[in-house]
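I opened a fresh notebook page for this one. My plan was to look up the nonpolar cores and the charged pairs, and to jot things down as I went.

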Amino acid sequence: MVGQESEIENGKVTAVENSDKKNEKAPILLNLEIFRITRDSQQQHGLRHADYQRYRGYCSRRIRRLRKVLKIPQGDRRHYRRRDVTTTHLTSNNAENRLLYIPLLQAERAWAHAMQLRQEANTEPRKKFHLVSRLKKACAHGQMLLQLCEESGRCEARTVLEAGAYASWLRGVLLLELQQWREAADSLQRARIVLEQLCTALPADERIVYDQKLEELKPSLRYCAYNIGDESAAGDLMAMRGQGLMHNLDALMAQAKESRSGIMHEVEWRGRRVTVKPEKVRLFLIALQDLDKSVSKAETAQAKIDILENILMDCKDAISAIKDEIKTDPKLKSAPEIQASSVGYLLSYLMYVRLVRTIERNNLLVEQAEEARKNNIQIDGKKVRPQDLTRLYEIILQNYNDLQQLPGFENDAVYQKEIDTQMKAYRAFRCYYIAQVLTGLRRFREALAMLERCNTYTVESLISKLDNQQLKDKLQVLKKDIESCKFEVHADSVLEDDEEDEESKYASSGKSYKDKKPLVERLDDYREDSQVLTKNPNIYRMPPPMEAIPCKPLFFDLACNFVEFPNLDDKTGATDGKKQGAGLTGLVKGFLGWGKSDK
């Protein structure tokens with residue numbers, strides 16, 4: 001009996017153990033989409049307007065709420081005691097995703113503080129040291145997050161990968177600030193590889209955040225490669241500047257040029273060498289050296305236009321710096337003194353560069369418009385018309401007029417002749433498109449006259465020596481187009497004359513003819529017009545033509561009602577009539593004996 005009881009008890013124990021194993025569930029893996037969470041939080045709490053202080057305050061408040069909810073306080077009201085999230089918290093039965101939020105938000109808070117200090121360091125250089133300490137703190141919290149994800153074993157593989165990429169990115173940002181280029185490039189490269197792998201493994205709708213982060217990493221990687229000594233990165237940095245990706249390219253290009261070809265102390269233009277003193281002008285001239293290479297590497301016309309517009313903005317800043325120097329120099333008081341000085345000559349050179357690059361930008365706009373017109377493509381929702389191209393060529397000619405009036409070169413015959421030669425070429429293109437506008441308005445005589453003038457300008461430009469080979473090729477094409485356009489205009493004018501003859505012939509024969517006049521204006525002429533029976537009959541011109549009408553008076557003469565006019569009865573003869581009437585009545589009364597008064 002005792003043996004049976006012991007067996008029964010053992011059986012109960014094993015049964016209970018088996019039931020407990022069945023009731024136990026597999027541990028739930030923790031998931032944290034780091035880059036999506038940080039992107040959404042940044043966009044919603046200040047970083048859309050680069051307000052890092054607001055985002056930093058949000059991170060602090062969120063950490064305080066999470067610690068209170070998760071019951072991980074750091075002391076009480078009086079005493080502070082540091083308590084970090086550890087692997088013990090993550091391996092417990094009540095572990096949840098919000099535990100990983102605390103180290104992530106701590107890293108984001110330190111990073112936001114560093115970015116805020118970077119903005120303030122422009123006026124207070126000492127804050128750069130505090131900036132570095134905050135970045136080190138952010139890097140430490142990022143490493144803590146990665147360590148928790150790897151050592152706990154409770155996180156998904158995607159979360160571990162994102163934590164590794166996030167920590168590598170923070171370390172790369174820190175090393176960039178410390179100017180340790182090779183180590184920074186390695187860290188950023190690791191983050192880039194992880195993000196690329198995530199993009200290939202995830203569906204298309206979840207890749208957007210990682211693609212945006214990859215685009216943010218590209219300029220930093222090129223920056224590191226360029227400082228390490230990668231010569232192929234020089235042109236790419238300028239192209240990134242044109243797209244607005246590198247905000248500190250000015251200093252970078254200055255350092256690069258100084259290391260390669262010495263400091264840009266002077267510039268030579270039209271046989272005269274001028275010393276460059278302002279820092280902004282030096283940086284602009286250094287950036288200008290790689291501009292042509294960057295423009296040639298751009299794939300589309302719009303990308304080239306963006307690069308040129310950015311360099312034009314820098315040129316405008318350089319011109320402003322020169323003008324400020326002229327104002328502060330007491331020696332330069334009059335215009336002749338400014339033109340004769342080296343500062344005035346440098347100002348003229350910068351204005352020349354600005355106008356030449358503006359003409360280049362406008363030529364790209366012309367090329368873009370001509371291509372759209374040829375392929376019947378709309379630009380900004382509008383169809384390209386000849387008037388638009390005429391306007392663009394007008395702007396180019398205005399730029400050449402400004403070049404002619406450049407200070408110090410009004411009497412330079414060689415310079416003026418060069419500008420006149422190029423202006424004739426662009427006048428030819430303007431006349432050609434004006435002729436097309438006139439053709440559309442059915443003004444064929446004026447169109448033929450403009451084509452003749454266009455042909456004259458083209459021949460004169462080809463005879464003269466043009467330095468621009470691309471402009472010469474366009475003039476050769478234009479010369480062929482002028483001949484074909486003349487024949488088209490002549491044919492249209494003949495057809496219009498034939499239409500008028502046909503109209504008179506049909507009017508005499510009484511046959512049906514499609515007239516442009518509405519039916520109301522030709523009621524006296526009988527014609528069998530089949531157009532009246534269609535859905536769009538030409539009966540009345542809508543809207544009706546404008547007609548002259550009496551103008552409404554600006555004021556009314558109300559005082560006329562209160563004016564007492566003089567009595568003019570004696571002049572008009574009204575009193576004589578009254579006297580005659582009274583005499584006849586008296587005669588009748590006296591004759592019949594009536595009306596006698598009893599006196």
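**Entry 1: a cut-off to keep at hand.** Buried means under 20% relative accessible area, exposed means over 50%, and partly exposed is what lies in between. I also reminded myself that this is a predicted model.

**Entry 2: a pair in a loop.** I began with E521, which comes out at a relative accessible area of 46% and is therefore partly exposed. Its salt-bridge partner is R541, with 3.8 Å between the closest N and O atoms. Both residues sit in the loop between α20 (469-509) and α21 (569-572), so the pair ties together parts that are 20 residues apart in sequence. R541 has 42% relative accessibility, so I noted R541 as partly exposed too.

**Entry 3: a pair between helices.** Which residue forms a salt bridge with R118? I found E177, and the closest N and O atoms are 2.3 Å apart. Because R118 lies in helix α5 (residues 98-120) and E177 in helix α7 (residues 157-177), this pair ties together parts that are 59 residues apart in sequence. R118 is partly exposed at 32% relative accessibility, and E177 is partly exposed at 25%.

**Entry 4: D84 and R82.** Here the closest N and O atoms of the salt bridge are 3.0 Å apart. I wondered whether R82 counts as buried or exposed. At 52% relative accessibility, R82 counts as exposed, whereas D84, at 25%, is partly exposed.

**Entry 5: the wider tally.** How many salt bridges are there by this rule? The count comes to 21. I also marked a network of salt bridges that links E33, R36, D40, R158 and E162. Side chains of opposite charge can pair when their charged atoms come close.

**Entry 6: the nonpolar cores.** I then turned from charges to nonpolar residues. The largest nonpolar core has 70 residues, and the members that touch the most others are F284, L285, Y349, L350 and Y426. Which helix gives the most to this core? I traced that to helix α16 (residues 342-374), with 14 residues. Domain 2 (262-406) and domain 3 (412-500) both contribute residues, so this core lies between them. There is also a second, separate core of 68 residues, and among its members I listed A107, A114, A191 and Y223. In soluble globular proteins, nonpolar side chains tend to be buried together.

Key. Residues are numbered from 1 along each chain as its sequence is written. This is a predicted model: local features need pLDDT of at least 70, side-chain atom pairs count only at pLDDT 80 or more; totals for chains, interfaces and linings use all residues. Side-chain values use heavy atoms; hydrogens and water are left out. A nonpolar core is a set of buried Ala, Val, Leu, Ile, Met, Phe, Trp, Tyr and Cys residues joined through side-chain atoms within 4.5 Å. Buried means under 20% relative accessible area, exposed over 50%, partly exposed in between (1.4 Å probe, protein chains only). Helices (H or I, at least four residues) and strands (E, at least two) are DSSP runs, numbered from the N terminus. Domain bounds come from an automatic or database domain assignment. A salt bridge is a side-chain nitrogen of Lys or Arg within 4 Å of a carboxyl oxygen of Asp or Glu.
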